[in-house]
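Biologist: Could you take me through the pockets of this model slowly, one at a time? I would like to know what lines them, and then hear about anything else on the chain that deserves a look.

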Amino acid sequence: MKIAGLLLVALVLAGAAWVRLAPSDPARWHVDPQTTTDPGRPNFARLDPGQITAPLPAPDLAARVQAAMLALPRTRLLAGSAAEGHMTFLTRSAIWGFPDYTSIRVLPTRDGATLAAFARARFGHSDLGVNAARLDTLRRALVRPR
């Protein structure tokens with residue numbers, strides 16, 4: 001019984017280490033939010049072009065998007081840049097360090113700029129709504145008065 005308990009603890013620790021230490025390959029996670037397909041499970045959220053608009057040039061909106069995303073806890077830029085107008089951010093959960101990826105493309109419009117975003121969890125079936133909440137936080141950061 002003691003050996004089974006130790007094996008269970010070792011298995012849990014190995015799983016926790018994998019979640020925290022698994023490499024995040026930009027080639028896999030830096031996707032175009034407009035063309036990538038939905039995963040087969042409910043662990044993602046999207047913003048379509050037009051849901052967030054700004055009466056400013058696309059490079060300026062991209063810089064604001066990057067600043068707003070990097071202001072989120074435990075978030076870093078994984079790939080892309082504001083200058084490219086296409087960025088993917090990695091955000092980790094507080095306790096276990098589960099990785100979520102948010103890919104954003106800023107698009108020019110006739111009156112300014114808009115964006116498309118695709119946020120998804122790497123592990124698990126459900127994300128418990130954290131990706132939708134992250135996109136809502138981004139939306140609120142971008143539309144608040146300056």
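**A close look at the pockets**

Modeller: Happy to, and let me begin with the smaller topic: by class, the second largest pocket is lined by five nonpolar, three polar and three charged residues. Please keep in mind that this is a predicted model. The space in this second largest pocket comes to about 190 Å³. Its lining is made up of Arg28, Trp29, Val31, Thr36, Thr37, Pro39, Arg41, Asn43, Phe118, Arg120 and Ala121. Two elements give two or more residues to that lining, namely helix 2 (26-29) and strand 6 (112-121). Strand 6 supplies the largest share, three residues.

Now for the largest pocket, which holds about 430 Å³ of space. A total of 22 residues line the largest pocket, and Ser93, Asp100, Asp127, Val130 and Arg134 are the ones nearest its centre. Strand 4 (86-92), strand 5 (99-109) and helix 4 (130-143) are the elements that each give two or more residues to this lining. Helix 4 contributes the most, with four residues. Sorted by class, the lining of the largest pocket has 11 nonpolar, five polar and six charged residues.

As for how such spaces are found, rolling a probe the size of a water molecule over the atoms shows where empty space is left.

You also asked about the rest of the chain, so here are two backbone spots. Most residues other than glycine have a negative phi. Leucine 128, however, has a positive phi near 60°. This leucine sits in the loop between strand 6 and helix 4, and leucine 128 counts as exposed because its relative accessible area is 80%, where the cut-off for exposed is over 50%. Arginine 74 is another residue that is not a glycine and has a positive phi, of about 55°. Arginine 74 belongs to the loop between helix 3 (58-70) and strand 3 (75-81). With a relative accessibility of 47%, arginine 74 is classed as partly exposed.

Finally, the surface. Leu8, Leu11, Val12, Ile95, Trp96 and Phe98 form a nonpolar patch there, and together these residues have about 660 Å² of accessible area. One of them, leucine 11, is placed in helix 1 (residues 2-21). Leucine 11 counts as exposed because its relative accessibility is 60%.

Conventions:
Residues numbered from 1 in each chain as written. Predicted model: local features only at pLDDT ≥ 70, side-chain atom pairs only at ≥ 80, totals over all residues. Heavy atoms only, no water. Patch = residues over 30% accessible without salt bridge, like charges linked within 9 Å, V, L, I, M, F, W, Y side chains within 5 Å. Areas by Shrake-Rupley, 256 points an atom, 1.4 Å probe, with all protein chains shown as cover. Salt bridge = Lys/Arg side-chain N within 4 Å of Asp/Glu carboxyl O. Buried < 20%, exposed > 50% of the residue type's maximum accessible area, 1.4 Å probe, protein only. 1 Å grid on protein atoms, 1.4 Å probe; cavity = no way out; pocket = protein on both sides within 12 Å on 5 of 7 lines; lining within 4 Å. Points joined across faces, edges and corners; volume = space filled by probe spheres on them. Nonpolar A, V, L, I, M, F, W, Y, C, P; charged D, E, K, R; others polar.
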